[in-house]
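Please read these notes with the model open beside you. They are written for a first-year student and go through the sheets before the helices.

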Amino acid sequence: MTTTHTGAPAPADTAPGADALTIGRRIRHVRTARGMTLEDLGAAVGRAPSQISMLENGHREAKVSLLQQVAAALAVPVAALIVDEPPSARAALEIALVRAQRGPLFSSLDIPAVAVGRSLPTDALQALLRLGEELQRLLTERAATPEEARRANAELRSTMRAQDNYFPELEAHARRLLAAVGHPGGPLSQRGSAEIAAHLGFTLHHVADLPHSTRSVTDLEHRRVYLPHHASTDPRSPLLQALASYVLEHREPRDYGDFLRQRVEANYLAAALLLPEDGAVAMLSEAKAARRLSVEDLRDAFAVTYETAAHRFTNLATRHLDIPVHFMKVHESGTLHKAYENDGVAFPSDPLGAIEGQPVCRRWTARTVFAIPDRISPYSQYTDTPSGTFWCTSRVQSGPDGEFSVSVGVPFAQVRWFQGRETRERATSRCPDPTCCRRPPDHLAERWAGRAWPAARPHASTLAALPAGVFPGVDQTEVLTFLERHAPA
Ligand SMILES: [Zn+2]
């Protein structure tokens, strides 16, 4: 089957099927094989050599009548010329480079065209083509990735919202795994998590040279899980997340959305193992009845990080306690890294609806908590916003990328179930009204107009430096050489 590369149907009086450039190169191929010059062929068909050259370079669509004359002069059937296939590997390269040079990339970059003829060495031809392809790939990636990431994040957030952040099939996986190792309920010990690994047929290997871009690496062939020697955080989490990906049969992600979904699922299943549904719900229900719900208590009862407890609380709160909630993770710079809500709180968003990387109102608990010197006592605050009054509790944690606040909040009507409702901290937020906190006060703006020039510090914003690759952010070469190095002989 033949198609035209331009996508436009060929006019009736020109050659059907193949495009002009390919036909031209087939003509040139046969002509040079016959030892004919442009002049020879031009004379044979009654045309100027320059017209034959235009024909061979695809600058002119050949009319059927001319093609018949050319075919006759070259002693080949017309059909041999209008095949939509380059006559040789070299011609294929030439056609590709000519097309690339005539395409939007080269012209937008204002790169001078190279004459694609016999004098151009094949290796130079190949190098130019590869450069063009690679440049196209990099530019496409740069243009598409933040947009793709925004879309994928928004889709995932809406799925989570629709399910009140509760995933029954993941809870069922957790229940089954815990039952398989005879977990008695309550917190999962380190031994308990190792037993789950053994139940699934995996051995654990703590190594000093785990690739920097990974939390764990799993050798599926030899059923080994490699973990960092010096775990700064809870050693159960990376292990359970690795096992979760295995149990959920995650494959190499098809795209960024797939990668995000897998990460959310693995985190969810790990948390559902660390804070088993039955035990956590029993504890939370009791606390709700006594009107002293607390994320800190959940954290302490199950010996997990505040962030894990806060996350798990959002899984269970709406489904089991009938409480709508929101969750936020905010960098000390004020930008939103992660968020979830089904309680109507209005997160800051860009005009396209993306929230990651957006600045959070300075009056919100997630921001004000950074100024609180006491980092042990829970901090809570009521905030009046254009979408209602919310009560939030927040905590600051330090990580390699700086400090983050992790916050859980509920609408005013739900605060009666929580410890910390007696707080006198209160704020008013008028965001997204720019006069709330985004625009500087008039007197300062006037005082410094034209006299201030700050240089922005690049920081690891969620989207600005979105890494590419099969597993975004993972150095695949490092991972594979690591596996080679550690694989049993
Ligand atoms: Zn504000």
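The points below cover two sheets, one strand in particular, and two helix contacts.

1. Basis. This is a predicted model, in which local features need pLDDT of at least 70 and side-chain atom pairs count only at pLDDT 80 or more, while totals for chains, interfaces and linings use all residues. Residues are numbered from 1 along each chain as its sequence is written, and side-chain values use heavy atoms, with hydrogens and water left out. Helices (H or I, at least four residues) and strands (E, at least two) are DSSP runs numbered from the N terminus.

2. The sheet of 6 strands. This open sheet has the order 5-4-8-7-6-9, and its pairing is mixed. Two strands count as paired if DSSP finds at least two bridges between them. Strand 5 and strand 9 (426–428) are at the edges with a single partner strand each, so each has one side without a neighbour in the sheet. On average, neighbouring strands are turned by 25 degrees against each other, direction ignored.

3. The neighbours of strand 4. Strand 4 runs antiparallel to strand 5 (residues 336–341), and 5 bridges join the two. Met328 has Ala339 of strand 5 as its bridge partner, and Val330 stands opposite Leu336. Strand 4 is also antiparallel to strand 8 (residues 402–411), with 6 bridges between them; here His326 has Gly409 as its bridge partner. Strand 4 and strand 5 form a hairpin with 4 residues between the strands, where Gly334 takes a positive phi near 100 degrees.

4. Cover of strand 4. Is this strand buried or exposed? In strand 4 (residues 326–331), 6 of its 6 residues are buried (under 20% relative accessible area, against over 50% for exposed and in between for partly exposed, with a 1.4 Å probe and protein chains only). In a regular strand the side chains alternate between the two faces of the sheet. Here His326, Met328 and Val330 lie on one side, Phe327, Lys329 and His331 on the other, and both faces are covered.

5. The sheet of 3 strands. This is an open sheet with the order 1-3-2 and mixed pairing. Strand 1 (203–207) and strand 2 (217–219) are at its edges, each with a single partner strand, so one side of each lacks a neighbour in the sheet. The twist from one strand to the next averages 25 degrees. Strand 1 is parallel to strand 3 (residues 224–228) over 5 bridges, and Thr203 stands opposite Arg224.

6. Helix 9 against helix 12. The axes of helix 9 (residues 168–180) and helix 12 (residues 256–274) come within 9 Å and cross at roughly 45 degrees. Axes are lines fitted to C-alpha atoms, for helices over the stretch in contact, and angles run from 0 to 180 degrees between N-to-C directions. Helix 9 is therefore oblique to helix 12 (under 35 degrees is roughly parallel, over 145 roughly antiparallel, 65 to 115 roughly perpendicular, the rest oblique). Contact means heavy atoms within 4.5 Å; the residues that meet include Leu170 and Ala174 in helix 9 and Tyr268 and Leu269 in helix 12.

7. Helix 12 against helix 15. Helix 12 packs on helix 15 (residues 306–321) at an angle of about 95 degrees, with the axes 10 Å apart. That makes the two helices roughly perpendicular. Helix 12 contributes Tyr268, Ala271, Ala272 and Leu274 to the contact, and helix 15 contributes Thr308, Arg312 and Asn315.
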